[in-house]
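Open the model in your viewer and keep the sequence panel beside it. The tour goes from one selection to the next.

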Amino acid sequence: MTIDELRAAAAARQQTCTQIKKMIVSRLDLPIEPEWITDDQPLFGRGLELDSLDVLELYVAIEAEFDVALYDSDMSVFGSVARLAEYVNPNLPKTEPTVGERAA
């Protein structure tokens with residue numbers, strides 16, 4: 001990849017991640033700013049501490065906002081904002097899961 005392609009990919013990733021963070025805070029009515037959520041922060045457990053009802057809400061929100069279908073076998077994409085971004089925008093380059101995501 002050229003440097004311009006890398007910059008474009010990074011900008012697309014950041015835009016998608018920002019959109020997902022805003023959606024999470026808005027749809028789940030979280031008392032935090034979207035900027036406080038990091039791209040690789042786990043959404044469950046010691047991360048945002050979301051629960052199964054939150055997943056259902058996000059499931060519906062992702063399908064509506066990004067026009068993508070989610071299936072039971074796709075639940076691993078809820079590991080972090082970065083993994084959700086890669087799922088909803090398949091043109092983004094893939095990242096390696098963090099240690100916390102591997103355990104999830």
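Select D39 and K21, and show their side chains. In this predicted model, D39 and K21 form a salt bridge, with the closest N and O atoms 2.7 Å apart. D39 lies in the loop between α1 and α2 while K21 lies in helix α1, so the salt bridge ties together parts that are 18 residues apart in sequence. Is D39 buried, partly exposed or exposed? The relative accessible area of D39 is 21%, and because buried means under 20%, D39 counts as partly exposed. K21 has 9% relative accessibility, so K21 is on the buried side of that cut-off.

Next, select E57 and R27. Their side chains also meet in a salt bridge, at 2.9 Å from N to O. E57 is in helix α2 and R27 is in helix α1, so this pair links distant parts of the chain, 30 residues apart. Turn on the surface and look at the two ends of the pair. E57 is partly exposed, with 29% relative accessibility, and R27 is partly exposed too, at 36%.

Now select R13 and E86. Here the closest N and O atoms of the salt bridge are 3.5 Å apart. Which helices does this pair join? R13 belongs to helix α1, residues 3–28, and E86 belongs to helix α3, so the bridge ties together parts 73 residues apart in sequence. Both of these residues are buried. In the whole structure, a search finds four salt bridges; the three pairs visited so far are among them. As a general point, side chains of opposite charge can pair when their charged atoms come close.

Stay with E86 and extend the selection to the whole of helix α3, residues 81–88. How many of the eight residues of α3 are buried? Six of them are, and the helix is described as mostly covered. The buried ones are V81, A82, L84, A85, E86 and V88. What do they pack against? Hide the rest of the chain apart from α1 and α2, and you have the two helices that the buried residues of α3 pack against.

Step back to S80, in the loop between α2 (52–66) and α3. S80 has a relative accessible area of 0%, so S80 is buried. A polar atom of the S80 side chain lies 3.2 Å from the backbone nitrogen of R83. Then add D40 to the selection and draw a line between the two C-alpha atoms. S80 and D40 are 40 residues apart in sequence, but their C-alpha atoms are 5.3 Å apart in space.

Next comes the nonpolar interior. Select I20, I24 and I62. These are the residues with the most contacts inside the largest nonpolar core, which has 23 residues. Which elements give two or more residues to this core? They are α1, α2 and α3, and α1 gives the most, with six residues. Keep I62 selected and show what surrounds its side chain. Leaving out residues up to four places away in sequence, I62 touches M23, D67, V68, L70, L84 and V88. Two of these, L84 and V88, appeared earlier among the buried residues of α3.

For a contrast, go to the surface and select M1, I3 and L6. Together they make a nonpolar surface patch of about 340 Å². M1 sits in the segment before α1. With 68% relative accessibility, M1 counts as exposed.

Finally, clear the selection and show the whole chain as a cartoon. What does the secondary structure come to? There are four helices and zero strands, and the pattern along the sequence is α-α-α-α. Of the 104 residues, 38% are buried. Among contacts between residues at least 6 apart in sequence, 50% join residues that are at least 24 apart. Colour the surface by atom type for the last view. The accessible surface comes to about 6500 Å², and 54% of that belongs to carbon and sulfur atoms.

Terms used: Residues numbered from 1 in each chain as written. Predicted model: local features only at pLDDT ≥ 70, side-chain atom pairs only at ≥ 80, totals over all residues. Heavy atoms only, no water. Buried < 20%, exposed > 50% of the residue type's maximum accessible area, 1.4 Å probe, protein only. Contact = heavy atoms within 4.5 Å. Areas by Shrake-Rupley, 256 points an atom, 1.4 Å probe, with all protein chains shown as cover. Polar contact = N/O pair within 3.5 Å; in protein donor to acceptor, adjacent residues only side chain to side chain. Core = buried A, V, L, I, M, F, W, Y, C linked by side-chain atoms within 4.5 Å. Patch = residues over 30% accessible without salt bridge, like charges linked within 9 Å, V, L, I, M, F, W, Y side chains within 5 Å.
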